[in-house]
Amino acid sequence: MELPSSLEQAENIQGDIVSWRRQLNSIPELAFSEVETAGFVRARLTSFGFGVDTVAETGLVAQLGSGRILALLVAMDALSVAVPGQAQPSVMHACGHDANMACVLGAARILARRLRERSDVGLRIIMQPAGETTLPGSHQGAEKVISAGALDGIFAVLGLHVDSTIRSRKASLVQAAREEVGQSGGTNGYKSADMVTLLRQSSEEILGEANVSLVSRITYADDFGRYLERQPGAMLYLGVGLPGCVRTHHAQDFLIDESVLHLGSAILTEAALKLLEIQPRLIG
Ligand SMILES: [Zn+2]
């Protein structure tokens, strides 16, 4: 019997992914205050079968399985944004971290089923507090996650960030920087360049080759780069820009095309299946 593809499985839970995003969108919390957010995400991950621990104050580390462990990582924090005509700034998910979390929850749910077939591989989900580096004092999220040992025992880390400046149904990947430790090979001999190649292949399979680009810019706003100093990894920038309506991140009118979030779940799922060799590996 042929298993449904990563895309088909993600399409099947598209309604849930959008619903999770909307629920997370309704409880925006600033850096190191992501208490309700953590509670919501913890409940979902627990229901998928993951064991969940608190890390770095308000963050979460969830794991299913053991052995060769791949990590998927996103940030949880919302932003304080000035609103014209309003005396006080508003706290809102103006960078899309609600959408990022929903995409990773989707992948975690699909992968949980596949992981039960294997006893030699594991998946770790890291929900990081304080991902934004643009706010003074709120950029220690990655450092706290790393010093708490959340990366210990993993062989690679994949991240996802929605990008409203990229049209929906398209995606970008950032070329691996030369100074990254992963460049010389991590514990499994993987390099960040391999992670970028694999995430790109998975993106091309889901979105079509013409819709995936490789860019040279450095990881913007968030602090994902800190992880790449420690582990091989790559970040997917998922296009969520509505046609004819380009909105910038960190602005009060930030808006995304949430109907494509399942594509992010599908790409992460596909990349994870390849990396964990649950399907034939395509690299190395
Ligand atoms: Zn962000």
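How many bridges join β7 to strand β10, and in which sense do the two strands run? I will come to that in a moment, after a word on the model. This is a predicted model, in which local features need pLDDT of at least 70 and side-chain atom pairs count only at pLDDT 80 or more, while totals for chains, interfaces and linings use all residues. Residues are numbered from 1 along each chain as its sequence is written.

To the opening question, then: strand β10, residues 233–241, is joined to β7 by 8 bridges, and the two run parallel. Within this pairing, Val-162 stands opposite Leu-238 in β10. Strands here, like helices, are DSSP runs numbered from the N terminus, with H or I over at least four residues for a helix and E over at least two for a strand, and two strands are said to pair if DSSP finds at least two bridges between them. Strand β3, residues 68–75, also pairs with β7 in the parallel sense, over 5 bridges, and there Ala-71 stands opposite Val-157 in β7.

Let me widen the view to the whole chain, which has 8 helices and 10 strands. Of these strands, 8 form an open sheet with mixed pairing, in the order β1-β2-β6-β3-β7-β10-β8-β9. The edge strands are β1 and β9 (212–215), each of which pairs on one side only. From one strand to the next the twist averages 25°, where axes are lines fitted to C-alpha atoms, for helices over the stretch in contact, and angles run from 0 to 180 degrees between N-to-C directions. Towards the β9 edge, β8 and β9 pair in the parallel sense over 4 bridges, with Leu-173 opposite Leu-214 in β9. Helix α4 packs on the sheet, touching β2, β3, β6, β7 and β10, and its direction makes about 160° with that of β3. Helix α6, residues 192–207, packs on the sheet as well, touching β7, β8, β9 and β10, with a direction at about 30° to that of β10.

How enclosed is β7 by the rest of the structure? Largely so, because 11 of its 14 residues are buried, a term that calls for 20 or more other C-beta atoms within 10 Å of the residue's own, whereas 12 or fewer make a residue exposed and anything in between makes it partly exposed, with C-beta atoms placed from the backbone. Val-157, which lies in β7 (residues 154–167), is an example of a buried residue, with 26 other C-beta atoms within 10 Å. Leaving aside neighbours within four places in sequence, the contacts of Val-157 are Ala-71, Leu-73, Leu-151, Tyr-227, Gln-231 and Gly-233, a contact being two C-beta atoms, placed from the backbone, within 7 Å.

Next, the core. The largest nonpolar core holds 81 residues, and Val-104, Ile-125, Leu-268 and Ala-272 touch the most other members; such a core is a set of buried Ala, Val, Leu, Ile, Met, Phe, Trp, Tyr and Cys residues joined through C-beta atoms within 7 Å. Its largest share, 11 residues, comes from helix α4 (residues 97–115). Beyond four places in sequence, Val-104 is in contact with Leu-72, Val-74, Ile-125, Leu-160 and Leu-268.

Helix α3 deserves a closer look. Its 13 residues should span 18 Å at 1.5 Å a residue, and the end C-alpha atoms are 18 Å apart, which agrees; the expected span is 1.5 Å times one less than the number of residues. In α3, Thr-37, Ala-38, Val-41, Arg-44 and Leu-45 are buried. Seen down the axis, the buried residues of α3 fall within an arc of 130°, so they line one face of the helix, the arc being that of the directions from the helix axis to the C-beta atoms. On the face turned away sit the exposed residues Gly-39, Ala-43, Thr-46 and Ser-47, while the buried residues are covered by elements including α2, β1, β2, α4 and β6.

I finish with backbone angles. Most residues other than glycine have a negative phi. Phe-32, however, has a positive phi near 60°, and it lies in the loop between α2 (14–25) and α3 (35–47). Arg-169, in the loop between β7 and β8 (171–174), likewise has a positive phi, of about 75°, and is partly exposed, with 18 other C-beta atoms within 10 Å.
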